[in-house]
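Visitor: I have a protein complex open on my screen, and I would like to understand the words people use for it. Could you walk me through them?

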Amino acid sequence: MTLLPQKAAGFYCKMNIKEKIIEGFLFACSAVCVLTTLGIIAVLLVQSVQFFSEVPISSFLTDTQWTPLFADKHFGILPLLSGTLLTTVIAIVIALPLGLSIAIYLSEYASKGFRSTVKPMLEILAAVPTVVYGFFALTVVTPFIQKFFPGVAGFNALSPGIVMGLMIVPLISSLSEDALYAVPRHLREGAYALGSTTLQTSLRVVMPAASSGIIVSVILAISRAMGETMIVAIAAGQQPRLTLDPTVPIETVTTYIVQVSLGDVPHGSLEYKTIFAAGLSLFVITFLLNNISFYIKKKYREAYE
Amino acid sequence: MNNEQVKTIKNSAFRIWAIAATSVGLIMLGILLVKIGMDGLHRISMAFFTSLPSRRAENAGILTAWVGTLWIMVTTAVIAIPIGVGAGIYLEEYSRKGAWANFLEINISNLAGVPSIIYGLLGLEFFVRFLHMGESILAGSFTLALLVLPIVIVSTRESLKAVPKTIREASYALGASKWQTTWMQVLPAAAGGIMTGIILALSRAIGETAPLIVVGALTYVPFTPKSVFDSFTVLPIQIFNWVSRPQAEFLVNAAAGIIVLLLITIAMNGAAVILRNRWQKHVKW
């Protein structure tokens, strides 16, 4: 550096500082992600700790009634969790067979042209705002179900569950298809050489080889369904009850948070803190599911070549 | 029937079932579009776009809703684009492989899986209360910006990854610094992919309802917002409000509002697809 003229040295020095400042800014941008995670955890924990200082955790986890907005208050999360569980199970029962069949068909049977037309069309399903699906569940699917089963209530778990299932079909089909498509060709050719049909090859050779990718797609779909809000808020009702009957109104964790947010519950009150306790329960479950899927993806990554 | 025939029949049966399965979603989409068109199309008029919400369904319009959506979209973009692209650049170009990079990566995947309503709770406590932004456009936009950040970051990284190393090396060989290389060579080369990601992220943001309800967006706003500190409503919340009312006339309004919302969403997604295809055809390394 000493050989450089004074001016050039100054220039390089200035440039160096500028580079450092920019790198610092970029680093700060990436740190926003970490801060967001910490922020979510902090907010949920702080409010929940205050909540649990007034309501014992044991009654939160075991009480079978959730009535924080009534005079006779009960704070059992089970009815909300059962609502979430019920709609999620219905959604997965619909989405798994459909999504997996589509994935196998697109990966193993369909022509290239068919595949490249159908895939983006299915992805439109995932891009539709969920409030639109809520409208659809309430005004089309529920009346349709009632035509065949007149006993079904106007608000129920079945209709939003079905619509939610159709919404997450693309999630399962596209992630599973990626996994199936990645299975190397020679495994299939081995099966064909033994006289297998395409179906036998798909079910007994390709699918087992891609199983971890398929499981990951299903776990992510479950997590997505549990966090879904607007479809259930519109079409499932707002009556927390501990039931597995899909024909009566229920309330999910997410719907409860929306319900409280729409009313005017004073900040700092126990009712206000309930939405954070409910949110924490939801966050813990989805966080566990997501991390299980990362773990599976990492641990059981198929390496054939 | 011998074994050979049985397995051929099963194979054909699966083919039919799978085509049916593929059609189910698309048929539902078709029914949805027809239903919304039949219910709402006749309700759409100039007055629908220029009227304030009203207690009387036939007078109600979406003026405050679409203006609010526009405000939210622009403000969210202003916040999310620099942070998201910046973080993507940092992860792809600057950070060394190591514990911190791994941690960031897991963190971003986790954030992408957090239910949107949880972001609403974060926004409510942090932006609305702690930073005293109130139930304003600003608080809503910050909340949505954090929500779509993973989408922007991931697409930025993918696009940067696709730019070949030779471009960077040529730039370094000419004496350019790291930032000069990134800013003048790598970013322009990756711009198409990044734009696609940004459009998809914003299309996701304008369809979101739940986090904004939690942050305190109102269901009834009798005025259009004038600044980012005003209270607001957005199109999906207006639709939700109309859907939740018992009178059938409001469902007509909801259907009309959905037509507008869907047109915006489909236009944005279409633009993203076209951009992506043109980019892939254009750039051949």
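Visitor: Which residues of α8(A) meet α1(B), and which residues of α1(B) do they meet?

Guide: This is a predicted model, so please read every value as computed from the prediction. In α8(A), the residues are A:T198, A:L199 and A:Q200. On the other side, B:K7, B:K10, B:N11 and B:F14 of α1(B) meet them.

Visitor: What makes α8(A) roughly perpendicular to α1(B)?

Guide: Start with the packing: helix α8 of chain A, residues 198–209, and helix α1 of chain B, residues 3–40, have axes 8 Å apart and an angle of about 80°. Roughly perpendicular covers 65 to 115 degrees. The angle of about 80° is therefore the reason for calling α8(A) roughly perpendicular to α1(B). As for the chemistry of this contact, its residues are two nonpolar, three polar and two charged.

Visitor: And beyond that pair of helices, how many residues of chain A and of chain B are in contact?

Guide: There are 70 residues of chain A in contact with 68 residues of chain B. On the chain A side, α1(A) gives the most, with 19 residues. That side of chain A divides into 47 nonpolar, 21 polar and two charged residues. For the complex, the predictor gives an ipTM of 0.90 and a pTM of 0.90.

Visitor: Let me zoom in on A:L26. Why is A:L26 called buried?

Guide: The cut-off for buried is 20 or more other C-beta atoms within 10 Å. A:L26 has 22, so A:L26 counts as buried. You will find A:L26 in helix α1 of chain A, residues 6–54. A:L26 touches B:G86, B:I89, B:Y90 and B:Y94.

Visitor: Is B:H132 buried or exposed, and how do you know?

Guide: Exposed means 12 or fewer such neighbours. With 9 other C-beta atoms within 10 Å, B:H132 is therefore exposed. B:H132 sits in the loop of chain B between α5 (116–130) and α6 (137–162).

Visitor: What is the phi of B:H132 near?

Guide: Phi of B:H132 is near 55°, a positive value in a residue other than glycine. Most residues other than glycine have a negative phi. In chain A, a glycine with a positive phi follows α7(A): that is A:G195, with phi near 95°.

Visitor: What makes B:A112 partly exposed?

Guide: Partly exposed lies between the two cut-offs, 12 or fewer for exposed and 20 or more for buried. B:A112 has 16 C-beta neighbours inside 10 Å, so B:A112 counts as partly exposed. B:A112 belongs to helix α4 of chain B, residues 99–113. B:A112 and B:P150 are 38 residues apart in sequence, yet their C-alpha atoms are 5.7 Å apart in space.

Visitor: How do you know that helix α7 of chain A is hardly covered?

Guide: Count the buried residues: among the nine residues of α7 (185–193), that count is zero.

Visitor: To finish, how many helices and strands does chain B have?

Guide: Chain B has eleven helices and zero strands. Of its 285 residues, 45% count as buried. Along the principal axes, the C-alpha atoms of chain B fill a box of roughly 75 × 70 × 35 Å. Among the contacts in chain B with a separation of 6 or more, 75% join residues 24 or more positions apart. The mean pLDDT of chain B is 89, and 98% of its residues reach 70 or more.

Key
Residues are numbered from 1 along each chain as its sequence is written. Chains are lettered from A and ligands numbered from 1 in the order in which they are written. This is a predicted model: local features need pLDDT of at least 70, side-chain atom pairs count only at pLDDT 80 or more; totals for chains, interfaces and linings use all residues. pLDDT is the predictor's confidence in each residue, from 0 to 100. Helices (H or I, at least four residues) and strands (E, at least two) are DSSP runs, numbered from the N terminus. Two residues are in contact if their C-beta atoms, placed from the backbone, lie within 7 Å. Ala, Val, Leu, Ile, Met, Phe, Trp, Tyr, Cys and Pro count as nonpolar, Asp, Glu, Lys and Arg as charged, and the others, Gly among them, as polar. Axes are lines fitted to C-alpha atoms, for helices over the stretch in contact, and angles run from 0 to 180 degrees between N-to-C directions. Angles under 35 degrees count as roughly parallel, over 145 as roughly antiparallel, 65 to 115 as roughly perpendicular and the rest as oblique. Lists of a residue's contacts leave out its neighbours within four places in sequence.
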